Amino acid sequence: MGLDLRICPACGELAECPVVTGAVVACAKCGHEWPFRKLPLFALTGPSGAGKSTMGPLLAERFGGDVVVLDQDVLWIDALRDAVTSFRSVWLRMAAMLHQNGRPVVLCGTVAPPEFEPLPERAFFSDIHYLALVGSPSSLRARLRARPAWREWDEERIDEMLEFNDWLRTSAPALGVDLFDTTDVSPAATADHVERWIRARLPR
């Protein structure tokens, strides 16, 4: 059995829309069925500047081998920047493959439920839990302005990120997204909160 759950291990067919029932995948071409580990995915989201990247190494240290912590931006390459839906799909496929090793994935990166939930690969997860780190507009603007020049944070791009921050604050309850404001909270205290949030939702 391969790790890419879209590829049938019997006939090699690639499914654009996987057929999943519970924790079993079925090949639409040959009818072969095979079980897989169906685990929750943890999406640590929020606007740039709210602390997602800072959380990555802190969480990796705290969780040890319990979960796999990944930074979404590592695949934000030229080949995928103009195909955002493909970018999201690739990450769900990657997380599902990692889940076959028995450890849930914590994915740190800017994403919202409307970008993950409609995708065919969503069927590979028991749940996707969303926690958004947000901040006050002034704190986010200051943090983004202080970033190195190679990050290319001009005022127009910063304004767009502040709009996303405001949208998250307004839309989170309806989307099922939990919020945590990092404006006046230290990285260690933020990591404490995120760790508790994840551990409360890990499979028993």
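These are my notebook entries on a predicted model, going from the core to the open and closed spaces and then to single residues.

**Entry: the core**

I started with the nonpolar cores. The largest one has 53 residues. I looked up which members have the most contacts inside this core, and they are Leu41, Leu59, Phe116 and Ile198.

I picked Phe116 for a longer look. Setting aside neighbours within four places in sequence, I get contacts from Phe116 to Leu41, Leu92, Leu107, Val111, Ile128 and Tyr130, and also to Gln72, Arg88 and Arg122. Leu41 therefore turns up twice in my notes: it is in contact with Phe116, and it is on the list of core residues with the most contacts.

**Entry: the largest pocket**

Next I went for open space. The largest pocket comes out at about 1000 Å³, and its lining runs to 34 residues. Which of them lie nearest the centre? I noted Ser48, Asp73, Arg151, Trp153 and Arg157.

Then I sorted the lining by class. I have 12 charged, 11 polar and 11 nonpolar residues for this pocket.

I also asked which helices supply at least two residues of the lining. The answer is helix 1 (52–63), helix 3 (84–99), helix 6 (155–175) and helix 7 (187–199). Helix 1 gives the largest share, with 4 residues.

**Entry: Ser48, at the pocket**

Ser48 is one of the residues nearest the pocket centre, so I stayed with it. Ser48 sits in the loop between strand 4 (41–45) and helix 1. Is Ser48 buried or exposed? Its relative accessible area is 13%, and because the cut-off for buried is under 20%, Ser48 counts as buried.

For company beyond four places in sequence, Ser48 has Thr110, Leu140, Leu144, Arg147, Trp153 and Met161 in contact. Trp153 is another of the residues nearest the centre of the largest pocket. I checked the Thr110 pair by C-alpha atoms too: Ser48 and Thr110 are 62 residues apart in sequence but 7.3 Å apart in space.

**Entry: Glu152**

I flagged Glu152 on its backbone angle. Its phi is positive, about 60°, although Glu152 is not a glycine. I placed Glu152 in the loop between helix 5 (137–145) and helix 6. Glu152 is exposed, at 60% relative accessibility.

**Entry: the cavity**

How many cavities of 30 Å³ or more does the whole structure hold? I found 1. The volume of the largest cavity is about 60 Å³.

The lining of this cavity includes Leu5, Arg6, Cys8, Glu13, Ala15, Pro18 and Val19, plus Val25, Ala26, Cys27, Ala28 and Trp34. By class I count 10 nonpolar and 2 charged residues, with no polar ones.

**Entry: Glu33, touching cavity-lining residues**

Glu33 is in strand 3 (residues 33–35). At 54% relative accessible area, Glu33 is exposed. Beyond four places in sequence, Glu33 is in contact with Val24, Val25 and Ala26, and I recognise Val25 and Ala26 from the cavity lining. Val19, also on that lining, is 14 residues from Glu33 in sequence, and the C-alpha to C-alpha distance between Glu33 and Val19 is 9.6 Å.

**Entry: Asp4**

I then looked at the start of the chain. Asp4 lies in the segment before strand 1 (19–21). With 15% relative accessibility, Asp4 counts as buried.

What does Asp4 contact beyond four places in sequence? I have Arg93 and Met97. The Arg93 pair also gives a polar contact, side chain to side chain, of 2.3 Å. I noted Ala96 as well: Asp4 and Ala96 are 92 residues apart along the chain, yet their C-alpha atoms are separated by 7.7 Å.

**Entry: Ser89**

Last stop was Ser89, which belongs to helix 3. I get 13% relative accessibility for Ser89, so it counts as buried. Outside four places in sequence, Ser89 touches Leu119 and Glu121. With Glu121 I also logged a polar contact between the two side chains, at 3.5 Å.

How values were computed:
Residues are numbered from 1 along each chain as its sequence is written. This is a predicted model: local features need pLDDT of at least 70, side-chain atom pairs count only at pLDDT 80 or more; totals for chains, interfaces and linings use all residues. Side-chain values use heavy atoms; hydrogens and water are left out. A nonpolar core is a set of buried Ala, Val, Leu, Ile, Met, Phe, Trp, Tyr and Cys residues joined through side-chain atoms within 4.5 Å. Buried means under 20% relative accessible area, exposed over 50%, partly exposed in between (1.4 Å probe, protein chains only). Contact means heavy atoms within 4.5 Å. On a 1 Å grid over the protein atoms alone, a cavity is a set of points where a 1.4 Å probe fits but cannot get out, and a pocket is an open set with protein on both sides within 12 Å along at least five of seven lines; lining residues have an atom within 4 Å of a point. Grid points are joined across faces, edges and corners, and a volume is the space filled by probe spheres set on the points. Ala, Val, Leu, Ile, Met, Phe, Trp, Tyr, Cys and Pro count as nonpolar, Asp, Glu, Lys and Arg as charged, and the others, Gly among them, as polar. A polar contact is a pair of N or O atoms within 3.5 Å; within protein, one must be able to donate a hydrogen and the other to accept it, and residues adjacent in sequence count only if both atoms are side-chain atoms.
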